[in-house]
Every structure is written in C-alpha cells, then in structure tokens.
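Student: I am new to this structure and would be grateful for a close look at one part of it. Could you take me through the aromatic side chains and the parts of the chain around them?

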Amino acid sequence: MAAQHRKHRKPGRRLLGGTPGRAAATLAVTGATAATALGGTSQAAPEARPGEVRAQVDRLYRQAEVATEKYNGAKEKADAARTSLRGLREEAARTAERLGSTRAGLASLATAQYREGTLDPALQLVMSADPEEYLRGTAVAERASHRQAAAVGEARGQLRKLARLRGEADRVADRLGTQQSELARSKRAVQEKLGRARQLLDRLTAEERAAATREDGRASREQARTAAPAAAPAPPAAAPGSRAGAAVAYAYRALGKPYVWGATGPNSFDCSGLIQAAYRAAGVSLPRTTYSQINAGTRIGRGQLRPGDLVFFYSGISHVGIYVGGGKMIHAPRPGAPVRIAPISQMPFAGAARVA
C-alpha cells in the first residue's frame, strides 16, 4: 500500500522538481494565465502611454537645456582663454625677438670693447649664458656707461616682461585645460539627455509620435502663416528704441528656424544663441548664456515689459526669450520645436532684463 502511495506521488514530484527549464516554463505560463485572468495585474511595469512618454521627453529636454547652457558657458570661457593664450604667446615671441636684437647690439658693443681691451663687466655678464643672473646684478649696470646702462635697462625690462608673459601663458593654458574638461562633460550630458529622449520617442508608433508632436506642428504652421515679412516685421507693439526694435525684427525673421543646441545662427539657434544673435544684429554685444544675459542689462518687473526686453524662465535661469508685446515672446524652445512665438505664461517666469 505504501509502495502504491509512493508510486501515486511520483508524477507530482517530477512536475515541481524536474528540469529548471520545464519548471520555469510552467511557472511562466501559470503567471501569464493568472495575469490575464486578473485583467493584467501582474508585477511587470505597464507600457507608458504616449502622454507619459511626452512628459518624460519634456523633462529630458529641460535637463538637456540646463546642460546646454553649462556647455555654452564653458565654451565661452574656453574660447576667451584660447584667445588670451594666443595673444600672450604672440606677445612673448615679439618680446623675445626684441630681446634678441637688444642683446645683439650689446654683443657688437662688447666686441668693440674687447678689441680695445676695455670690456665692461656689465657686458661680460649680459653676454653670459645666464643673463637673468646678470640682470640681478644692478650694481654692475650702475657702473656701465650711459649708453650701456640704457641697453642693459632695456634688456632687463624685456627679460622680466618675457618671464611674466610666459608665466601668465602657463596659467591660462592650465585654465584652458580645466575649461575644456568641463566643456566635454557638459557636451556628454547634453548628448545623453537628447539620446534618451530620442529612445523614448522611438518607443512610440508613428501614429503616436505624430499625435505627441501635433501641437508643435500646428504651432510651426501658425508661425509660418502669421509671421510678418522679413523686410518689415510687425510685432504686436512697438519696441522702445532702435536697438531693441532691430533685435525684435531679427527675432521675427528667425521664426521657423530649427533649434540646435550650441547654435548661434544664422540658420539655427538654441535659446540664448537666438538672443545673442538678435542683439548682435542690433549692435549690442551680449554674453552667451542665460545666467549671464539676465545680468547684462537692467532688471525689470513683469509689469514693466516692453518689446525687446529679455524674459527668463525656470529657477536655474535656463531658458530665455525676447519679449514682443501682448504677453508674448519669440524663443527657440527645444529640439524638434523651431523658433516660434509663445505666451510668456507657458513657463515659470524667473525674471526680465532690459538691455537696450
């Protein structure tokens, strides 16, 4: 009887204690059946709906814009350091050339004195292999003739200047290296955020992507239909001055051009790049980044806005547009959304500045 009982239980042990693959398959089928019976309430995360994907993409675009402004700031500093370094090296080369001429003149004088057997101690030192040591011997220079003293003084000044230029160039080169590292980090951050956004959008079907971006398409078509002619833009309200008016006119001509991170025109822009280009066309030089542009002019309140004023958004001052009147601005929103007119109420207002 016991044997019969063990024989009866044997198939059950094989079901639960058989091969791992068979057990896993059985559990998978059982789990899927249970999930179906319970209306899909399994532990697996549900697929995000198109609206949720769009919200995630928008967050990534916002983060990318913050990283873009950091990139722009690092690039501006690196460009300035590179220009400064080039200038220092060029000036050092000119100084070294003048020093060579000065020493050549002293060499001629020394040769003449040597032939006469009257080589001055100052010239002995200036022609030595270590002229810096010579220049520290000020007492020697005082014993030289007037002509020699003038030449020695000039050489002293040139050597000191050369040492200063080389030291400053080394410091600028170090700073440039730091800024280039920061630039690379910011660039990677932008590309990572934009790449994740593209991956999310790729999860949508073509129909869902079209639905998610339909608003952008409608806005772009509206801009193309309502934008004023390039030669005679007609903003909703008159700009207060010729420079502000010229900047607003440039912004109107930029309507419909694509957003490209790091771009400053004329064919594509990021948000601060559009502002810099608009005011550059008006003869006003502005910094490159949003957090610098807000300090470039006079801070004003929201109720004081006039066309041409700069309007800033988000707590980190990471987005900017140019006010055109009627509660609206022109701005470069984000990748996939070209330069357009938008209400300033659509984003968290952070401040405003008047630059012209």
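Tutor: What follows concerns the aromatic pairs, the helix that comes after them, and the charges that lie over rings.

The model is a predicted one. For orientation, the chain has 12 helices and six strands, and 38% of its 356 residues are buried. Among the contacts with a separation of 6 or more, 64% are made by residues 24 or more positions apart.

The count of aromatic pairs comes to three. One of them joins Y71 and W261: because the planes of these rings stand at 75 degrees, with the centres 4.8 Å apart, the pair is edge-to-face. For that label the angle must be over 60 degrees. The partners come from distant parts of the chain, 190 residues apart. Y71 belongs to helix α3, which covers residues 50-116, while W261 sits in the loop that runs between α10 (242-253) and α11 (271-281). Both Y71 and W261 are buried.

Another aromatic pair is made by Y250 and F269, and this one is also edge-to-face. Its ring centres are 6.3 Å apart, and the planes form an angle of 85 degrees. The centre distance can be set against the cut-off for pairing, which is 6.5 Å. Y250 is part of helix α10, whereas F269 lies in the loop between α10 and α11; 19 residues separate them along the chain. Y250 is buried, as is F269. The loop between α10 and α11 thus supplies W261 to the pair with Y71 and F269 to the pair with Y250.

After this loop comes α11, a helix that is mostly covered. Of its 11 residues, nine are buried. They begin with C271, S272, G273, L274 and I275, and they continue with Q276, A277, A278 and Y279. Just after α11, the backbone at G283 adopts a positive phi of about 85 degrees.

Aromatic rings also take part in another arrangement, in which a charged side chain lies over a ring. R62 is placed over the face of Y314, 3.3 Å from the ring centre. R302 is likewise found over the face of F349, where the distance to the ring centre is 4.8 Å.

To close with the chain as a whole, its accessible surface is about 20000 Å². Carbon and sulfur atoms account for 54% of that surface.

Note on methods: Residues are numbered from 1 along each chain as its sequence is written. This is a predicted model: local features need pLDDT of at least 70, side-chain atom pairs count only at pLDDT 80 or more; totals for chains, interfaces and linings use all residues. Side-chain values use heavy atoms; hydrogens and water are left out. Rings of Phe, Tyr and Trp (its six-membered ring) pair if their centres lie within 6.5 Å; planes under 30 degrees apart count as stacked, over 60 as edge-to-face and the rest as tilted. Helices (H or I, at least four residues) and strands (E, at least two) are DSSP runs, numbered from the N terminus. Buried means under 20% relative accessible area, exposed over 50%, partly exposed in between (1.4 Å probe, protein chains only). A charge sits over a ring if NZ of Lys or CZ of Arg is within 6 Å of the ring centre and within 35 degrees of the ring normal. Contact means heavy atoms within 4.5 Å. Accessible areas come from the Shrake-Rupley method with a 1.4 Å probe; for residues, only the protein chains shown count as cover.
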